[in-house]
Structures are given as structure tokens and as C-alpha cells.
Amino acid sequence: MLADMIQRLFERSLGDAAQSEAREGKWLPALWAEVEEMGLPLALLSEEQGGFGLAPADQGEALRLLGHLAVPLPVAETMAANRLLAEAGLPLAEGAAGLARADDLTLADGRLSGTVHRVAWGENLDCLALAVGNTLYHVPRSGWTLTEPGTALNFHPRPSLAIDWVVDASAPLPHDPLAEGATVRAFQIAGALEAALDLTLEHTATRVQFGKPLQKNQVVQHELAKLAGELACATAAADLAAEALARGDLRGVAAGSLRAREAAGNGASIATQMHGAIGFTREHPLHLFTTSLWTWRDEFGGQVFWATLLGRAAMAAGEEGYWPMVTEL
Amino acid sequence: MSAIPFPAPPADSDEVLALRGEFRAFLDKHLGHRSPRQRSDNWYGFSRDFSRAMGQAGYLGMTWPKQYGGHERSAFERYVVVEESLAYGAPVGAHWIADRQSGPSIIKFGTDEQKETILPGIAAGKLAFGIGMSEPDSGSDLAATRTKAVRDGDVYRVTGTKVWTSFAHEADYVILFCRTSGTPADRHQGTSQLLVNLKDTPGLTIKPIIDLAGQHHFNEMHFEDAAVPAKNLLGAEGDGWNQVMSELAFERSGPERFLSSIELMYQLLEALRGREDDAALAMIGRLTAQLAVLRRLSRSVAAMLQAKENAGLQAAIVKDVGAVWEQTLPDFARQLVDAEPDPRTAAAYAGVLANIVHNAPSWSLRGGTREILRGIIARGLGTR
């Protein structure tokens with residue numbers, strides 16, 4: 001139901017021109033207005049919190065679709081930030097929102113200051129759900145100025161923000177924004193990988209070389225099978241991360257997030273290779289997905305951060321405890 | 001929307017959680033004394049005693065009807081027993097094939113008499129099965145089967161050769177895939193399955209095929225005008241191809257498709273202890289993430305089996321991705337801990353590593369090669 005609405009909205013209102021503007025770092029106000037009108041920023045909230053009360057499976061589908069449609073707005077981030085703010089009992093965002101953790105910020109005389117690095121669409125946000133240690137802050141737009149510009153591999157902006165703000169909205173942290181963000185990104189990765197597989201199947205069915213469609217070659221078929229395997233892993237990984245997030249198990253978030261990040265790289269590589277040179281251009285839509293996959297796999301804690309976290313848990317479990325730990329993830 | 005759907009597996013119920021605890025205690029009691037090297041044999045281990053203990057405790061034929069010695073439990077409960085067996089490196093060879101594929105095939109296609117005489121023995125852990133599919137000239141191309149069974153009164157006269165039959169020298173039965181009419185050129189037509197008693201079939205000789213590690217679990221079965229009672233026909237004559245595809249779906253559906261080298265992971269953790277740097281921790285983390293996701297996909301397959309859905313395509317993906325995991329684990333281990341693997345050493349890490357390196361090549365061959373599986377997946381994507 002929500003999925004259908006999301007699909008229709010972006011198929012209607014998100015075209016090549018808008019994607020091109022977003023790559024220039026331009027905000028798409030009309031499209032964002034439509035996102036708000038649909039209520040998407042509150043989509044992950046329970047009914048008591050004023051949200052849609054979606055089942056986990058439907059939440060996942062909505063997030064996957066944002067990846068499948070390569071939506072060039074921080075919709076997923078806003079959904080995740082609002083869930084975090086709602087759980088902490090803080091005011092929700094009145095526009096787009098970001099989420100971040102920055103433990104080296106300083107709090108002195110009620111004033112929070114320091115730099116938050118590389119926030120998606122930082123110039124255009126209404127607020128930031130920011131964790132410092134075990135506290136969550138609702139930092140309004142007036143609480144930061146832009147310091148360094150930054151650009152993601154899909155050319156969407158990632159400016160760093162200089163926070164200088166007298167704290168007036170904080171609460172104990174309900175769960176980690178990195179975990180929340182990593183989970184959301186896992187769903188987007190699964191969605192974008194599915195789009196990449198769709199495009200790759202279409203291309204290899206219609207592109208004729210040596211007198212036959214590419215996908216009639218066994219070597220191409222085997223690459224398609226591998227791509228389908230990466231997609232299956234990414235999709236399961238996102239679900240695994242989401243369930244672990246709901247339980248508050250960072251090991252499970254790490255496991256799901258890591259496998260999705262890995263699938264992003266493996267899958268993008270196969271899809272591009274199967275497209276041949278056209279997949280390396282902006283003339284063909286594949287780049288929307290590959291460049292986003294390469295972006296998302298390194299955000300909200302990197303590969304090393306999550307892999308060492310899970311690796312440490314595995315070492316602590318040891319010979320006897322390793323398998324029982326795996327069955328808990 | 002081209003994704004191959006994997007339904008979300010349900011969270012473990014209280015029954016499933018309780019069963020996991022009970023079964024772990026059962027394994028500790030019966031197998032707690034075994035060494036890491038022994039555990040790393042995994043499903044190449046063969047122990048009639050252990051299989052009988054499994055049967056007595058109700059851990060075989062778990063999903064089957066009670067009238068045939070089964071326990072009418074869920075696919076998830078069976079899944080717990082299967083995965084915990086493998087994670088523990090239990091010697092499952094004397095019940096594995098029967099419980100996984102032969103029994104389910106007999107339930108699906110067998111006569112009442114076949115069900116009554118064979119299934120209770122499997123569920124009790126007393127009847128072991130081998131697989132009778134591959135031939136010297138028919139491996140991945142199963143439809144090229146030449147083994148011929150000619151009806152002669154109340155017997156079939158069987159002539160031909162089957163290979164790679166694990167434990168044929170120990171087991172009681174195989175389900176033989178053979179040709180009951182026509183020639184190999186007829187492909188899927190004219191094939192059938194026969195239940196062959198390995199202990200009591202004159203004209204059948206069984207010879208070992210020694211693998212590269214010096215182990216004897218494979219065999220060649222040679223049938224020379226061997227008489228198999230006609231009442232041992234499984235299912236319908238001529239319907240062998242559909243039946244054998246169904247049997248392969250059972251064969252491919254389980255978690256044994258990524259847990260074959262799990263003992264090496266345990267020993268790697270111990271070998272690393274005290275010198276784990278961030279790069280090592282990250283590699284362990286990545287491998288663990290891959291394993292956790294494989295397990296989730298595999299549990300999705302169990303969910304599909306529980307719902308009586310066809311999981312053939314999903315199972316092919318799990319086996320393809322899973323075989324890569326279990327097969328490449330020794331390479332990752334070798335990047336983290338130096339050791340010269342030794343097949344005869346008592347040292348845990350070097351001994352387990354040797355066993356895994358020796359056996360790993362077979363994991364992307366058995367039950368359908370990697371290439372066959374990728375063909376199945378590609379077909380599922382609509383490419384052929």
C-alpha cells in the first residue's frame with residue numbers, strides 16, 4: 001500500500017532532470033514537499049507516536065524502494081531520525097533530518113560545540129538527531145553552520161557541520177544512530193541492487209552480440225546468478241539488521257550491515273561488467289545505482305568499524321561460544 | 001522486480017528454543033569426547049551407534065507421520081537438529097541421506113508396504129541410505145543415465161554402474177536412478193527409481209573409490225544382471241526424472257551447504273587468541289556476517305518447506321553462496337594464522353586445516369556442481 005504510493009510518487013515526479021540537479025548538489029524542494037505531503041518522514045513511527053504503525057516487513061519494503069528508485073533526497077535518513085527522536089521523546093523534525101554520532105563534541109555551560117562530519121544534505125536539513133555519548137540531541141538548523149563541503153560518490157552533498165548550540169532538547173539515547181543509519185542503508189542497498197539486477201537482465205536480454213542476446217551465453221548467465229545471490233544476501237542482511245536493531249543487538253546490526261555493504265560492491269561490479277561500456281556512462285541509468293551503492297556502503301560507521309565490532313564479539317565467544325552466538329544473530 | 005523472493009523466517013518459538021537446548025545437551029552427552037579433528041569430518045563421519053541414539057531420542061524422521069515412526073514436528077524443529085548436528089561436527093553419515101532425502105522420497109512416492117517396511121527403520125536410526133544417481137558417463141548430465149532395469153516377471157534385471165555412492169559399503173539401501181525403457185538418447189523419458197537392498201542383491205558388487213585424502217566413503221556399485229524385486233519400484237515406472245528432481249530438491253535444501261568447515265572457524269579463533277589485531281578482527285567479523293546471512297537464507301528455505309512451497313531456486317542460491325563460504329574459509333584462515341597443515345597431527349588447528357583443505361574441493365561438486373546450480377538460478381531469472 002505505502003509501497004505503491006512511494007512507487008507512484010517518484011515515478012511521476014522524479015525524472016532525469018531532477019537526478020541531474022541533485023548531482024549538482026541542488027535541493028529538490030517540490031519533490032520534498034510531495035514527500036512530506038505523503039507523510040513519509042513519519043513512516044517508521046508507531047501509531048502512538050503519530051506514525052503509520054507499519055509492520056516491520058512493510059517498513060523494510062518502503063526503505064528498499066527508496067533505494068530501488070535512487071531517490072536523491074534524505075528521505076530514509078529523515079525517517080530514521082524521526083524514529084530515533086520519537087523513541088527519545090524529543091520533538092520530531094519539521095522538514096528533512098539527518099542522524100549522526102559525534103563523540104568528540106564538547107559540552108560546556110550548556111553549549112554543545114564541535115564538528116559533525118559529512119552529513120547528507122546538511123545544508124537543507126531542519127534538524128539533526130545527534131548522539132554524543134549516551135545522549136541524543138535534537139539540534140535545529142540554527143545550531144550549525146557549514147564548514148567543509150563534501151561530496152559523496154553519487155555526487156550528493158555531504159557537508160561537515162560546525163555545531164554551536166545552546167542545548168534545549170536532549171534525552172537519554174534510545175539506540176545508536178549509527179546502527180539506525182547502517183540498517184536503513186542496508187535496505188537502500190538491497191533496493192538499489194535489485195534495480196541493478198533488473199537493468200542487467202534487461203540489458204543482457206536485448207543487447208545482441210555475435211548474433212544472440214548476451215544472456216544466452218552461459219558465462220553471462222553465471223554472472224547473473226551470482227548477482228541474484230548477492231541480492232538475496234543483501235535483502236536478508238537488511239532484514240537481519242532491522243530485527244537486531246529492534247532487539248538492541250549491535251552484533252546483529254553489524255552482521256546485516258556488513259553483508260549488505262559487501263553485496264553493494266560485489267553486485268555493482270557484476271552489473272557494470274555485464275552492461276559493458278554503456279554501464280560506465282551517465283547515458284544509461286545504471287550509474288544512479290552503482291554510484292549510490294558505492295556511497296552507502298561506507299556510511300554510518302565504515303566496514304572496519306562494524307567488522308571489528310563483530311569480530312571482537314566472535315573472539316570473546318571463542319571455540320565453545322561461537323556457534324551459539326551465530327544462532328542469536 | 002527481478003529478486004528471487006526469500007520469505008522472512010519466523011523468530012524461534014519457545015518449542016524451538018527448548019529443543020535447541022535439549023539437543024545441545026544430547027550432543028554433549030554422546031559426543032563430548034571427540035577431538036576437533038574428528039569433529040571436522042562432519043558428515044563424512046559414520047556411526048551406527050550415534051544414529052541409533054538419534055533415532056531413540058526422536059531426532060530422526062522428525063517431520064514424518066507418526067504411523068511411520070515419525071514425530072510430526074515442524075520443519076523448523078528439524079532444522080534446529082540438522083544445523084546443531086553440523087555445527088557440532090556430529091558423525092551423521094549413518095542417517096543423513098536417509099533422513100534428508102530417501103525417507104522424504106519414499107513418503108512422497110512410495111507404496112504403503114515400502115513406507116511400512118522402511119520408514120520406521122530410518123526413524124529409528126537403523127537403516128542407512130546411499131544415493132544412486134551418478135554414473136561414469138553421467139554426472140551433471142543425469143539424464144544421460146545408462147543403468148538399465150528390465151522387467152522380468154516379478155523382478156527387474158539391473159545392469160550398469162553407479163559411482164560416488166557415499167557409504168555404499170556400509171549402508172542398507174540406495175534409491176537407484178535407472179532407465180526402464182528406451183536409450184540415453186530419450187533423456188528424461190523412460191527413467192525410474194528402484195529401492196535396492198545393498199546387503200541382499202545378488203549380482204551387485206561394491207568397490208571403494210579412494211578420495212585424494214585417502215578416505216574411503218565413495219564407492220562404485222556395479223550391477224551385473226542383478227535381480228531387484230519389482231515391488232521395489234519407487235513411484236511410477238517412467239516417472240523417474242520428476243522423482244529424482246524432487247529428491248535433489250530435498251538434498252539441496254539444508255544448512256549442510258555452508259557448515260562443512262565450521263570446525264575450522266572455531267579452531268581459527270583459538271589459534272588467533274592473544275594476537276588478534278584489527279585487521280584480523282575485521283576479517284573474522286566479515287566471515288561471521290556472511291555466515292549469519294547464509295543461515296538466515298537457509299532458514300527462509302525451511303520456512304518455504306514448512307509452507308509446502310517449492311524452494312528449489314532458493315535452495316540453489318543458498319548452496320551456491322554457501323559453498324563459496326565453506327570452501328574459501330581455509331584461505332582466509334591461512335591469511336591470519338601460519339601453520340603447515342598436517343593430516344596426521346594431533347594439533348587442533350593444523351589438523352583441522354589439513355582435513356578441510358583436503359575435503360573442500362568436493363563441496364562445490366556434490367549435490368549439483370556450482371555450474372549446474374548457477375544454470376538453475378539463471379533459468380529462474382528467466383534467461384533460458
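**Notebook: chains A and B**

*Interface.* I began with the contact between the chains and found that 49 residues of chain B touch 45 residues of chain A. The model is a predicted one. For the pair I noted a buried area of about 4100 Å², 68% of it on carbon and sulfur atoms. I then looked up the salt bridges across this interface, and the rule finds four. I also recorded a salt bridge between the side chains of A:Glu319 and B:Arg39, with an N to O distance of 3.1 Å.

*Chain A, mixed sheet.* I traced an open sheet of four strands in chain A, in the order E1-E4-E5-E8, and noted that its pairing is mixed. At its edges I found strand E1 (97-101) and strand E8 (170-172) of chain A, each of which pairs on one side only. From one strand to the next I entered an average twist of 20°. Within this sheet I followed strand E4 (residues 127-132) of chain A to strand E5 (residues 135-140) of chain A; the two run antiparallel and are joined by six bridges. For A:Leu130 I identified A:Tyr137 in E5(A) as the bridge partner.

I next asked which helix packs on this sheet and touches E1, E4, E5 and E8 of chain A. I found helix H5 (residues 75-88) of chain A there, its direction making about 70° with that of E1(A). I noted also that helix H6 (residues 177-206) of chain A lies across E1 and E4 of chain A and runs at about 125° to E1(A).

*Chain A, antiparallel sheet.* I located an open sheet with four strands in the order E2-E3-E7-E6 (chain A), where the pairing is antiparallel. Strand E2 (106-108) and strand E6 (144-146) of chain A each have a single partner strand, so I marked one side of each as lacking a neighbour in the sheet. The twist that I recorded here averages 15° from one strand to the next. I counted three bridges between E6(A) and strand E7 (residues 161-166) of chain A, paired in the antiparallel sense. I matched A:Leu146 with A:Leu161, its bridge partner in E7(A).

*Chain B, strands.* In chain B I followed strand E7 (residues 218-229), which pairs with strand E3 (residues 155-162) in the antiparallel sense over seven bridges. I noted B:His222 in E7(B) as the bridge partner of B:Thr161. E7(B) is also joined to strand E6 (residues 204-209) of chain B by six bridges, and I recorded these two strands as antiparallel. There I found B:Ile206 bridged to B:Met221 of E7(B).

*Chain B, helix pairs.* I examined helix H10 (residues 312-336) and helix H12 (residues 370-380) of chain B, whose axes come within 9 Å and cross at roughly 140°. I logged the crossing of H10(B) and H12(B) as left-handed. Among the residues that meet I listed B:Leu313, B:Ala316 and B:Asp320 in H10(B), and B:Arg370, B:Leu373 and B:Gly380 in H12(B). By class I entered eight nonpolar, two polar and four charged residues for the contact of H10(B) with H12(B).

I then turned to helix H4 (residues 75-87) and helix H9 (residues 278-306) of chain B, which pack at an angle of about 140° with their axes 9 Å apart. Is the crossing of H4(B) and H9(B) left-handed or right-handed? I recorded the crossing of H4(B) and H9(B) as right-handed. From H4(B) I listed B:Ala75, B:Phe76, B:Tyr79 and B:Glu83, and from H9(B) residues including B:Arg295, B:Ser298 and B:Gln306. My class entry for the contact of H4(B) with H9(B) is five nonpolar, two polar and three charged residues.

Methods
Residues numbered from 1 in each chain as written. Chains lettered and ligands numbered in written order. Predicted model: local features only at pLDDT ≥ 70, side-chain atom pairs only at ≥ 80, totals over all residues. Heavy atoms only, no water. Axes fitted to C-alpha atoms, helices over the stretch in contact; angles between N-to-C directions. Left-handed = near helix turned anticlockwise from the far one by under 90°. Contact = heavy atoms within 4.5 Å. Nonpolar A, V, L, I, M, F, W, Y, C, P; charged D, E, K, R; others polar. Pairing = 2+ DSSP bridges. Buried area = accessible area lost by both parts, 1.4 Å probe.
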